[in-house]
Amino acid sequence: MTDCDVWDAFGDDDEISDVEDPVVMEGVSFLVMNFVKHNPQLRVSQRFVATTSSVWKDALEQRGINLSQSAGPCDAVILNEEDNDAFDILKRVIPGGHLLVISRLSNFPTQYNLHEAVWRKEILVAMSEDVKLWSIQRASCPININSCSWKPTYPHTKKDTEFHHERELLEEATITRSAYELKHKTPSLTPHGIDQAVESLNKNGYCIIRSLLDVERCSQWGQAVLNDFKSAAEILLERDLIDLYNPQDSACDPQTYRELSMREDLRLDLRDGPCLREMREQERKECVLIPYNASESHVPFILSSKREGSGNSCLRFHPNVIEIVRKTLNPTITNLFKGNFGRFNFDGGGPDGSPQNLRVGPMGGIVSLPGSADQAIHADTPHLFETIDCLPAHYINAFCLGAEAQCIKDCYGFSTGATSVGGTAFVHTSHKLSFTASLENGWTTTTEPQVLQNLVRPSLKIGDLVLFDCRILHFGLANTSRSVIRPMLYTNMSQAWFHDPKNWDEEKSIFPAGNRGKANKLGS
């Protein structure tokens, strides 16, 4: 979208001569400005707004904004205070979208029963002698307010201030998609969305992208993880007297195996198994990037800098994921790349500024069982050097849900973020040495004010993506549910020259050799 396109969206005085209400005019301008701020590469004609008011319809049409008549998602909804039957139209507001309400009251109307966990603070957009125009924005990413019951309020602050501070941190790190993108199920972000994700990874150490991944594919991978876990649990109980469901009652302690590693009691990392291999075989058939060797389907793959991602990939070869990671790992801020003559070595193409090859790990799953506690806070990889605050990332993890998180919902069906199955918490900006070096000796997650003030607990839905710099402080949240086993899918991506020292290939195998390529459909 050009600068001309952006400013043309505001229209001119001649175009709006029929719309004399200054509150309406200011309201439409408010929406346009927010649309442009959200994503200047989407035309205003690609925005969808729903309203029951004929005056607003005329003003919106004159600006070129789509009036949404169907039941699909909307970037904004406009209501009059008298609209009593607002349920069907209000539930269409997308994450990050706006609700505008025209009211004669001095405060924002309360009859809509908007849940504070779903919506941000209301603001006054415009007013006349008779009416006020209020706006309230749906939060881009909800907070898992059921987690971290030990989390105290900040010193000298109130609990609601703490909540809104955490929400603003998440707003910084979350990329939402427009109603147009969701309606048309576009499988990729705009270039602006890509740049937002890269900027957040560099600045905050993580980013959250809403509704990017294929939900059905995520579910299939998640079910494969659960099936392999259940099969592994049966084998270990029968063969080694190890009970993964009740480790305190096991005759033997769980070990690290070729396919599975315990993080702590009731939380484990499952990276291989018959069902996962079936999924990888299916991925190989659909994704021409992968030269397949059945004996190596569980090992990382080196993706050449000349190869793009594949639109058929659920996560690890998704074109947007590959592009975001490449741009984060290979920033080109200056022309200094021209002096990197060492890139002529090792079959390199010389100092051309192209991204380096990418090491892409296989899909695996973090399985959290009911009763698992909050994980110890940690970083997954060290800084390469300790003399510079924050070099470009060299190792990034991608997370997504393998099953819906079963969050509590409000009366409109919006997630409040409250779930008992856990998730992952991050310490905002803690990928920087200047942050972690300032922590007091002997600090803990529950006592260090700087950690508590930067702690975020994003509540995801299936199809959402989290990318994070592996230097950031983070931890898995407790699964306090009674019966839900939660699979979190992951893949690791790094510079090709970086080697993660974790290697389980020499460990004892769980699955018999003849069963490693044949899936057991237990639990499907």
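Let's start with a pairing of strands: S14 and strand S19 (residues 486-495) run antiparallel and share 7 bridges. Please keep in mind that this is a predicted model. From S14 we move to the aromatic pairs, of which a search of the whole structure finds 10, and then to a nonpolar patch on the surface formed by Leu384, Phe385 and Trp497.

**Strand S14 and its partners**

- S14 is also joined to strand S17 (residues 465-469), by 4 bridges and again in the antiparallel sense.
- Ala398 is a handy landmark here: Thr491 in S19 stands opposite Ala398, and so does Leu467 in S17.
- Because 7 of the 7 residues of S14 are buried, the strand is largely enclosed by the rest of the structure.
- Tyr395, Asn397, Phe399 and Leu401 point one way from S14, while Ile396, Ala398 and Cys400 point the other way, and all are buried.

**Aromatic pairs**

- The search of the whole structure gives 10 aromatic pairs, and one of them is Phe108 with Trp134, which counts as edge-to-face because the planes stand at 85°, with ring centres 6.4 Å apart.
- That pair links distant parts of the chain, 26 residues apart: Phe108 lies in the loop between strand S4 (93-103) and strand S5 (123-127), and Trp134 in strand S6 (residues 132-137).
- Phe108 counts as buried because its relative accessibility is 11%, and Trp134 counts as buried at 9%.
- Trp119 and Phe414 also form an edge-to-face pair, with 6.2 Å centre to centre and 65° between the planes.
- This second pair links parts of the chain 295 residues apart, with Trp119 in the loop between S4 and S5 and Phe414 in the loop between S14 and strand S15 (423-427).
- Both Trp119 and Phe414 are buried, and together with Phe87 and Tyr412 they form one aromatic cluster.

**Charges over rings**

- Phe414 has another neighbour to look for: Arg138 lies over the face of its ring, at 3.9 Å from the ring centre.
- Elsewhere, the charged end of Lys183 sits over the ring of Phe48, 4.6 Å from the centre of that ring.

**A nonpolar patch on the surface**

- Leu384, Phe385 and Trp497 together have about 350 Å² of accessible area in their nonpolar surface patch.
- Leu384 is found in the loop between strand S13 (364-368) and strand S14 (395-401).
- With a relative accessibility of 40%, Leu384 counts as partly exposed.

Methods: Residues numbered from 1 in each chain as written. Predicted model: local features only at pLDDT ≥ 70, side-chain atom pairs only at ≥ 80, totals over all residues. Heavy atoms only, no water. Patch = residues over 30% accessible without salt bridge, like charges linked within 9 Å, V, L, I, M, F, W, Y side chains within 5 Å. Areas by Shrake-Rupley, 256 points an atom, 1.4 Å probe, with all protein chains shown as cover. Salt bridge = Lys/Arg side-chain N within 4 Å of Asp/Glu carboxyl O. Helix = DSSP H or I, 4+ residues; strand = E, 2+ residues; numbered from the N terminus. Buried < 20%, exposed > 50% of the residue type's maximum accessible area, 1.4 Å probe, protein only. Phe/Tyr/Trp six-rings, centres within 6.5 Å; stacked < 30°, edge-to-face > 60°. Lys NZ or Arg CZ within 6 Å of the ring centre and 35° of its normal. Pairing = 2+ DSSP bridges.
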